Structure formats: structure tokens, C-alpha cells
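Please open the model in your viewer and keep the selection tool at hand. The tour below proceeds from one selection to the next and states what is found at each stop.

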Amino acid sequence: MSKERNVDTAFFGQPRGLSTLFFTEMWERFSYYGMRAILLFYMYYAVTKGGLGMNQTTAASIMSIYGSLVYLSGVVGGWLSDRVWGSRRTVFIGGVLIMFGHIALSLPFGVSALYVSIALIVVGTGLLKPNVSEMVGGLYSPEDQRRDSGFSMFVFGINLGAAVAPWAVPWAANGFGLNLFHGEMNFHAGFSLAAIGMFFGLVQYVIGGRKYLSKDSLYPEDPIEKDELRPVIIWSIVGVVAVAIILALLAAMGQLNITNIITLITIIAIALPIWYFVMMLNSKKVTKTEKSRVVAYIPLFIAAVIFWAIEESGSVVLALFAEQRTVLHIGSWHFAAANFQTLNPLFIMILTPVFVSLWDHWKNQPSAPGKFAAGLVFAGLSYAFMALPALIHGTTAGRVSPFWLVGSWFIVEIGEMLISPIGLAVTTRLAPNAFKSQMMSMWFLADAAGQAVNAQIVKYYSSSTEVPYFLTIGLVSIVFGIILMFFVKKIHGLMGGVD
């Protein structure tokens, strides 16, 4: 089997199956980032402008908690793939749910369609995203030297879809440049394009999967046995009942509203990783050395939470800044506020080869904790940078240059290069043997917790409060980064020989 894989070089020297997964994830990211580019505006724009007319603060909180839920759901998606459906079926089901989620948004059914869409896309992304990456690894035998370059191509596909979408979907929502909607926004047309993108991804996934993906991916790696199923069902029922009781109590007190539901999800997103840490540190399956590594991971995890809270705010706080405070043209070239969402994946594509080369040639490079510390400082500087326009021109002076946003995104993506790939690598290396999969889930839970925190603090952002908002959060990140620098040697020592 490994020989067949090694001689398969049909896709730019990589296995032909990589093309199937490359385009599946490219179209999934196209649909997700396209939807995300216009969703905030759809929620808070007035009904007369084609929106839902929500309060801006509520819309921003929903946007943040949405992202948190996406990463929380990945924990369940990985388990279902490993124990029940197998990765290929799990990815397909996830893609179908995502497509129907975008279809729900493309229909003019108001707020109810929004919540149905969020539920479908959250569950669908949780099923698809972690498992399609796992399938890429399955294309290569352990000794295949093309694995790293294959993953690099796969990541390029992710960012390609994410970079194109913030241009294509807003273009559709604005009438395809033909003024079909008489100058008004037709968000449903934009969401329709996102649904079509996911449909294309599913079609080529099914056709290519039959031809080029291993039949092993049709079956779970660790099928659940009948005697294991009973406790899973019991605990699932307990969880559902517990949530139902909490919601019933909120309803009885007249407090069942979107704000309190967001707060409830925030508590869960923060409590879940704490529970994981306590469980691992108290497990008899974890050795003394492994416990030391878990302790070393705690400050890195907190750093990741702070970083993702800033980085993921690009689709919320920076989107509001783009819409309300930014000049949306350069000379005669006019663009939409949603187009700025392309900067994140664009800078990742530009900076990734630079940093890969840097790590390959820097002999005495910092350890993982040192890189995390530097990444936090860059993230904080990206927010401090965003306070400058108001400090220079004031908040009542009108709109400012779009290059402030370009600069901020560039700075934070330097931070991402120092934290995101390093974090993935160090998470796998610090994981106790008995909790390897759960430890990988922890990395995604850091993003979930960061966005959950965002759902609470974004309430304090407005054009009039942007200076204290950006400076306060930026300084928190910078200060924590500096503190982390002083503990780099201590943390590295706790890592028990892991670099």
C-alpha cells in the first residue's frame, strides 16, 4: 500500500487524493469566510438596507460566540469520526450540513433562519474541519518524505478559498457589479454564493473520493463497542437534560434571551479546558514527567487564548472599524468593508514561506515559550496600532486611511506565525500518551475560549471607545507576553526535554 502511495505523484508530485481534499477544504473555507465577511453587517444593518436590524452590540457578541461554537464542536466531530462513522463519511455529512446552513441564510426568513443556519454550520464545521486534515495525513506512509510539503499545499488551499471569498461573496451581495438591487445590499444573494461554493466542494469530494481516497477512511479507527456505547448515551442524555434545566430556569425567571445564552456558552467554553487540565493532572495514566509537561502547557494555553481573542476579532471589531471608520476607496478604486477579511489569509500565504525559511536557517532560535511570548507582543502591538488613528485624528474626525487596517492585520499575522504553527507542534509533543487526542482538542479549545471572551468584551467597543478598547486589550497582551519572557527558562525546564 505504501508503495502505491509513494509512486502516486499525479497532483504536483503529491498523491492524487490530495487534490480531492485540497479542493474540498478550499470550497469549505470559501463558503465559511464568504459568509463570515458579510454576516455581521447582515445582522445589524437596518431592515430597510436588507439586514435584520439587530442591536450592534448583540450582533458582535453573536459573531464572536459563533466562532467559539465552531471550535467547540470540533471535539465532538473528531470523536464521531474515530468511533462511529469514519473520516470520509463524517466529512461528507459535515459538508452537507454546512451547505444547508448557507441555504438557510440565503432564504428571507429573518432571525429564525439565522439561528438555524448557525446551528447547522457549527455542527457541520465541527464534523468536517478536523477530519479532513486527518485524511490528508492518511495519504502518506510514515516514511513518505512528501508529508510536510503535502500539508503545506493543503494549507495553501485553505487560505486560497478564504482569501477569494471576501471579494466574491460581497460582490454577489452588491448585485454582481450590475446594480441589480438598486444600490441596496441583498445579503441573501451573497449567502447563496457561499452555499454554491460548498456544493461544488461536495460534488468533487464525492467523485474524487471514490477514485482517489483510501477505503480505510470509510471506517472508524476505533469503532465503539456495545458495552462502551451505554455510558456515552447516558452522559449525552445527562448533558442535554442539564442544558434543558438551565434554559428552563432562565425562562422561569424571565431571563431566557440571547445575551444570557451567549454568557452560558462563554462559561462552558472557559470551563471545558479547565476541566481537561484538572483531569489530566489527576489521572493515574499520566506519569510525573508528563504532568510536568502539562503544567508547562498551561501558560502557553493562556497565551493562546489571549492571542486568539485578538486575532479572531478581525471579523468583528475590525469589521466594524472598516464599515464605520475607514475610507473605502484608494483613489478611484472603491471597495467594500467586507473585503478587508481577505487580509488574514493573504498575509498568512505571504508570511508562511518566510517563517518556514527562518526556522530552517536560524540555528539558535527561541524555544516555543519564547516564540509564544514574542507572538503575544506582536498581537498586542496590532491593537495598540489601531488606537493611533483616533489618537492622531480624534474619533469625531470622520473616516481614516484603510492602511491602518492593513498594517494592523500584518502585525497580528506576524504574531500568528509565532504562535499558531508552533502551538500545533508543541501541543502534540507535550501531550501525555493517554491523552494525545484530547490534548489536540485543547489547542482548538484555546481558540474557542478566546472567542468566547471576545463575545463578552466586544460589548464595550464603539467608535467613541475605540482608544481605551484597543489600548487596554493590546496592553494586556503585551504585558502578558513580557511576563512570559521572564518565565521562558522555567517553562522550558518543565517541558522535560521537549523543544
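Select Arg293, Tyr297, Leu300, Phe307, Trp308, Ile310 and Glu311 of H10 in this predicted model. These residues meet Val412, Glu413, Gly415, Glu416, Ile419, Ser420, Val426, Thr427 and Leu430 of H14. By class, the contact of H10 with H14 comprises nine nonpolar, three polar and four charged residues.

Next, display the two helices in full: H10 covers residues 288-311 and H14 covers residues 403-430. Their axes lie 11 Å apart and form an angle of about 150 degrees. Angles over 145 degrees count as roughly antiparallel, and H10 is therefore roughly antiparallel to H14. The crossing of H10 with H14 is left-handed.

**Helices H2 and H4**

Move to helix H2, residues 16-44, and add helix H4, residues 87-106. How do the axes of H2 and H4 cross, and within what distance do they come? The crossing angle is roughly 30 degrees, and the axes come within 11 Å. Angles under 35 degrees count as roughly parallel, so H2 and H4 are roughly parallel to each other. The crossing of this pair is left-handed.

To view the contact itself, select Glu28, Ser31, Tyr32, Met35, Leu39 and Tyr42 on H2, together with Ile98, His102 and Leu105 on H4. The residues of this contact divide into six nonpolar, two polar and one charged.

**Helices H2 and H6**

Retain H2 and replace H4 with helix H6, residues 147-173. Here the axes of H2 and H6 are 6 Å apart, at an angle of about 35 degrees. H2 passes H6 in a right-handed crossing. The contact of H2 with H6 contains 21 nonpolar, four polar and two charged residues.

**The two domains**

Finally, colour the protein by domain. Domain 1 consists of residues 13-139 and 146-224, whereas domain 2 consists of residues 272-498. The C-alpha centres of the two domains are separated by 23 Å. To the contact between them, domain 1 contributes 28 residues and domain 2 contributes 32 residues.

The size of an interface is often expressed as the accessible area that is lost when the parts come together. What area is buried between domain 1 and domain 2, and what share of that area do carbon and sulfur atoms give? The buried area is about 2700 Å², and carbon and sulfur atoms account for 65% of that area.

Conventions: Residues numbered from 1 in each chain as written. Predicted model: local features only at pLDDT ≥ 70, side-chain atom pairs only at ≥ 80, totals over all residues. Heavy atoms only, no water. Axes fitted to C-alpha atoms, helices over the stretch in contact; angles between N-to-C directions. Helix = DSSP H or I, 4+ residues; strand = E, 2+ residues; numbered from the N terminus. Parallel < 35°, antiparallel > 145°, perpendicular 65-115°, else oblique. Left-handed = near helix turned anticlockwise from the far one by under 90°. Contact = heavy atoms within 4.5 Å. Nonpolar A, V, L, I, M, F, W, Y, C, P; charged D, E, K, R; others polar. Domains from an automatic or database assignment. Buried area = accessible area lost by both parts, 1.4 Å probe.
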